[in-house]
Amino acid sequence: MIQKVAVLGTGKIGEALLSGMIRAGWSPADLLVTARRPERAEELRTRYGVTPVSNPEAAKTADTLILTVKPQDMGTLLVELAPHVPADRLVISGAAGIPTSFFEERLAQGTPVVRVMTNTPALVDEAMSVISAGSHATAEHLAHAEEIFGAVGKTLRVPESQQDACTALSGSGPAYFFYLVEAMTDAGILLGLPRDKAHDLIVQSAIGAAVMLRDSGEHPVKLRENVTSPAGTTINAIRELENHGVRAALIAALEAARDRGRELASGNNT
């Protein structure tokens, strides 16, 4: 059966998802998009061959609605959508911190809702998308969400109670790596390297390390120990990282991200 899917509020992540679905074999004729600005909607039509519609029209027409607007805009969007969303529509939320109950309370009784936290590597088909079911979502609904988000990377099912932790780890995770690369690049410049060479050295090292973590099956401690010779350069660097509390700072940072996710869930968007 042909399923029509609408992406509402098609920003960068929404466009990445759209592009990935088309590459995975979805027909542009079955994909609808909404955008705040008419010129943005027309840009998506020209680029992908999809159909721009209004939010109410998307709610009436599509079998699956993927809501990709910012968390602070979700309440307003649901007010607009609620009169037009039948209870048999699958609603997928990509908004950080907002529980499925928020949607269930504002939509028709029994509407299936799936919560997904993806991340910006969706732009290069390397996303990590974490999927949780609302109280009315079935295994079939979860499988459909996995099919959609599997077009731009990997998916993982978790209980919704773990979503805030996953947001802190993988949703925000790319930013932590970019921050680390930025700091290491500055260090390379301090050590006398041109910025472009320092950048290339660090990025390729990061790619190689990530592939080893993914493919070797080894614990990260073991992989680190393989690089850490007695009295060598690496152990001296590790000692300085420990002396400056880098491990503790990372743990505290992820706790802060999780706590902010909980604040968003409670309605504190400031």
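**View 1. The annotated N-terminal span of the predicted model.** An unreviewed UniProt entry assigns residues 4-97 to "domain: Pyrroline-5-carboxylate reductase catalytic N-terminal", and the structure shown here is a predicted model. Within this span, helix accounts for 40% and strand for 19%, while the C-alpha atoms at its two ends are 27 Å apart. The protein chain as a whole holds 12 helices and eight strands, and its C-alpha atoms occupy a box of roughly 70 × 40 × 35 Å along the principal axes.

**View 2. The annotated dimerisation span.** For residues 160-264, the UniProt record (unreviewed entry) gives "domain: Pyrroline-5-carboxylate reductase dimerisation". This span is 83% helix and 0% strand, and its end C-alpha atoms lie 15 Å apart. One of its residues, Ser170, sits in helix H7 (residues 163-171). Ser170 counts as buried because its relative accessible area, 13%, falls under the 20% cut-off. Beyond residues up to four places away in sequence, Ser170 touches Asn119, Met128 and Val130.

**View 3. The largest nonpolar core, centred on Ile92.** This core comprises 27 residues, of which Leu18, Met21, Ile66, Ile92, Val114 and Ile148 touch the most other members. Among the elements that contribute two or more residues to the core are strand E1 (5-8), helix H1 (12-23), strand E5 (90-93), strand E6 (113-117) and helix H6 (139-149). With neighbours within four places in sequence set aside, the contacts of Ile92 are Thr64, Leu65, Ile66, Leu67, Val114, Val116, Ala145, Ile148 and Phe149. In soluble globular proteins, nonpolar side chains tend to be buried together.

**View 4. Leu78 and its surroundings.** Another core, of 21 residues, lies apart from the largest one and includes Leu32, Met74, Leu78 and Ile98. Leu78 belongs to helix H4 (residues 74-81), and with 1% relative accessibility it is classed as buried, since that value is under 20%. Leaving out neighbours within four places in sequence, Leu78 is in contact with Leu67, Phe102, Phe103, Arg106 and Leu107. The C-alpha atoms of Leu78 and Leu107 are 7.6 Å apart in space, although 29 residues separate the two in sequence.

**View 5. The salt bridge between Glu160 and Arg115.** The two side chains meet with an N to O distance of 3.1 Å, and the structure as a whole contains 20 salt bridges. The pair connects distant parts of the chain, 45 residues apart, with Glu160 in the loop between strand E8 (153-157) and H7, and Arg115 in strand E6. Glu160 is partly exposed at 22% relative accessible area, whereas Arg115, at 5%, counts as buried.

**View 6. Further salt bridges.** Arg214 pairs with Asp215, their closest N and O atoms being 2.8 Å apart, and both residues are exposed. In a second pair, Glu240 and Arg239, the closest N and O atoms are 3.9 Å apart; Glu240 is partly exposed at 36% relative accessible area, and Arg239 is likewise partly exposed, at 46%. Elsewhere, Glu15, Arg40, Glu43 and Arg47 are joined into one network by salt bridges that share partners.

**View 7. A nonpolar patch on the surface.** Leu241, Val246 and Leu250 make up this patch, whose accessible area together is about 240 Å². Leu241 is part of helix H11 (residues 233-243), and its relative accessible area of 43% makes it partly exposed. For the protein chain as a whole, the exposed area is about 15,000 Å², with 59% supplied by carbon and sulfur atoms.

Key. Residues numbered from 1 in each chain as written. Predicted model: local features only at pLDDT ≥ 70, side-chain atom pairs only at ≥ 80, totals over all residues. Heavy atoms only, no water. UniProt positions renumbered as here; feature names shortened; annotations may be inferred. Helix = DSSP H or I, 4+ residues; strand = E, 2+ residues; numbered from the N terminus. Core = buried A, V, L, I, M, F, W, Y, C linked by side-chain atoms within 4.5 Å. Buried < 20%, exposed > 50% of the residue type's maximum accessible area, 1.4 Å probe, protein only. Contact = heavy atoms within 4.5 Å. Patch = residues over 30% accessible without salt bridge, like charges linked within 9 Å, V, L, I, M, F, W, Y side chains within 5 Å. Areas by Shrake-Rupley, 256 points an atom, 1.4 Å probe, with all protein chains shown as cover. Salt bridge = Lys/Arg side-chain N within 4 Å of Asp/Glu carboxyl O.
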